[in-house]
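User: I've got a chain loaded and I'd like to learn how to read its packing features one by one. Can you walk me through them?

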Amino acid sequence: MSDELSPGQGDEPSHDTVDVRLRDVLDSDLEAFLAYEHDPEARRRSRFTPRPRDAFMKHWRTSVLGDETCLVQTVMVGKEVAGNVISWWDGDRRFLGYWLGRPYWGRGIATRALALFLELDRTRPLYADPFHGNTASVLLLERHGFQRAGTVHHGDDEHVLLVLPEAEAGHERKSGGGN
């Protein structure tokens, strides 16, 4: 989804005291998610068209929170809602997406949140398809073991198809995830 880093900027913490946690989504979190989705720079980097407020709330309450096969977590930094991480089924493939608000870009928050989420959803293979120009997001996913598997198009935009493969033979594999 969104690119949480500026081009060329690493996702390293500015200090060791950044408290990143995941928790279940509260209805009150949706207002922050909506604001983050409408940020002009995040839209440009992700090539995602934000939904109007009513459509956004309906989508989140029915298609995301109302779908028991989705795993969605709010990313918390201290007591602040920083964004979300989600996985969902699209046919026979499980996809991962995330969105952080701009104040949380480039501070190591996405790296930590993604690591925590990948411990919760152990489904493998797991796919992601960020916009090809969203290089920081592509690099973040690759640092977590995702590998390039081709390209896909959403409208006129080309996206990188990434896959986090099943564990190698001899390693424990847990499937399923979630809720």
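User: Let's start with charges and rings. Which ring does the charged end of Arg 93 sit over?

Analyst: For this feature you look at where the charged end is relative to the ring centre and the ring normal. In this predicted model, the charged end of Arg 93 is over the ring of Tyr 127, 4.5 Å from its centre.

User: Is Tyr 127 buried or exposed?

Analyst: The cut-off for buried is under 20% relative accessible area. Tyr 127 comes in at 14%, so it counts as buried.

User: How many aromatic pairs does a search of the whole structure find?

Analyst: Reading a ring pair takes two numbers, the distance between centres and the angle between planes. The search turns up six aromatic pairs. Take Phe 48 and Trp 99: their ring centres are 5.7 Å apart and the planes are at 70°, so this pair is edge-to-face. Phe 48 belongs to the loop between helix H2 (40-46) and helix H3 (53-64), while Trp 99 belongs to strand E4 (residues 93-100), so the pair ties together parts 51 residues apart in sequence.

User: Which of the two is buried and which is partly exposed?

Analyst: Trp 99 is buried at 4% relative accessibility. Phe 48 is partly exposed, at 29%. Another pair is Phe 95 with Tyr 127, which is tilted: 5.7 Å centre to centre, with 40° between the planes. That one links distant parts of the chain too, with Phe 95 in strand E4 and Tyr 127 in strand E5 (residues 126-128), 32 residues apart. Phe 95 is buried, with a relative accessible area of 7%. There's also an aromatic cluster made of Phe 33, Phe 56 and Trp 60.

User: Next, the nonpolar core. Which residues have the most contacts inside the largest one?

Analyst: The general idea: in soluble globular proteins, nonpolar side chains tend to be buried together. Here the largest nonpolar core has 44 residues, and Val 75, Leu 96, Leu 141 and Phe 146 have the most contacts inside it. Helix H4 (residues 109-120) gives the most to this core, with seven residues. Phe 146 is worth clicking on: leaving aside neighbours within four places in sequence, its contacts include Leu 96, Leu 118, Tyr 127, Leu 141 and Leu 164.

User: What is the volume of the largest cavity?

Analyst: A cavity is space where a probe fits but cannot get out. The count comes to one cavity of 30 Å³ or more, and the largest cavity has a volume of about 40 Å³. Its lining residues include Val 75, Asn 84, Tyr 98, Ala 113 and Leu 140. Strand E3 (80-90), E4 and H4 are the elements that give two or more residues to that lining. H4 supplies the largest share, three residues.

User: How do I read one helix? Which residues of H5 are buried?

Analyst: Pick out the buried residues, then ask what they pack against. In helix H5 (residues 135-143), the buried ones are Ala 136, Ser 137, Val 138, Leu 140 and Leu 141. They pack against E4, H4, E5, strand E6 (147-154) and strand E7 (157-164). Just after H5, Gly 145 has a positive phi of about 100°.

User: Any other backbone feature to look for? Which peptide bond is cis?

Analyst: Check omega. The bond from Arg 124 to Pro 125 is cis, with omega near 0°, and Pro 125 is in the loop between H4 and E5.

User: What about a charged residue such as Glu 37: buried or exposed?

Analyst: Glu 37, in helix H1 (residues 29-37), has 6% relative accessibility, so it counts as buried. Beyond residues up to four places away in sequence, Glu 37 touches Arg 43, Phe 48, Pro 50, Arg 51, Phe 56 and Trp 99. Two of those names, Phe 48 and Trp 99, are the edge-to-face pair from before.

User: And the overall layout? What pattern does the chain follow along the sequence?

Analyst: There are five helices and seven strands, in the order β-α-α-α-β-β-β-α-β-α-β-β. Of the 179 residues, 46% count as buried. For long-range character, take contacts between residues at least 6 apart in sequence: 66% of them join residues at least 24 apart.

Methods:
Residues numbered from 1 in each chain as written. Predicted model: local features only at pLDDT ≥ 70, side-chain atom pairs only at ≥ 80, totals over all residues. Heavy atoms only, no water. Core = buried A, V, L, I, M, F, W, Y, C linked by side-chain atoms within 4.5 Å. Buried < 20%, exposed > 50% of the residue type's maximum accessible area, 1.4 Å probe, protein only. Helix = DSSP H or I, 4+ residues; strand = E, 2+ residues; numbered from the N terminus. Contact = heavy atoms within 4.5 Å. Phe/Tyr/Trp six-rings, centres within 6.5 Å; stacked < 30°, edge-to-face > 60°. Lys NZ or Arg CZ within 6 Å of the ring centre and 35° of its normal. 1 Å grid on protein atoms, 1.4 Å probe; cavity = no way out; pocket = protein on both sides within 12 Å on 5 of 7 lines; lining within 4 Å. Points joined across faces, edges and corners; volume = space filled by probe spheres on them.
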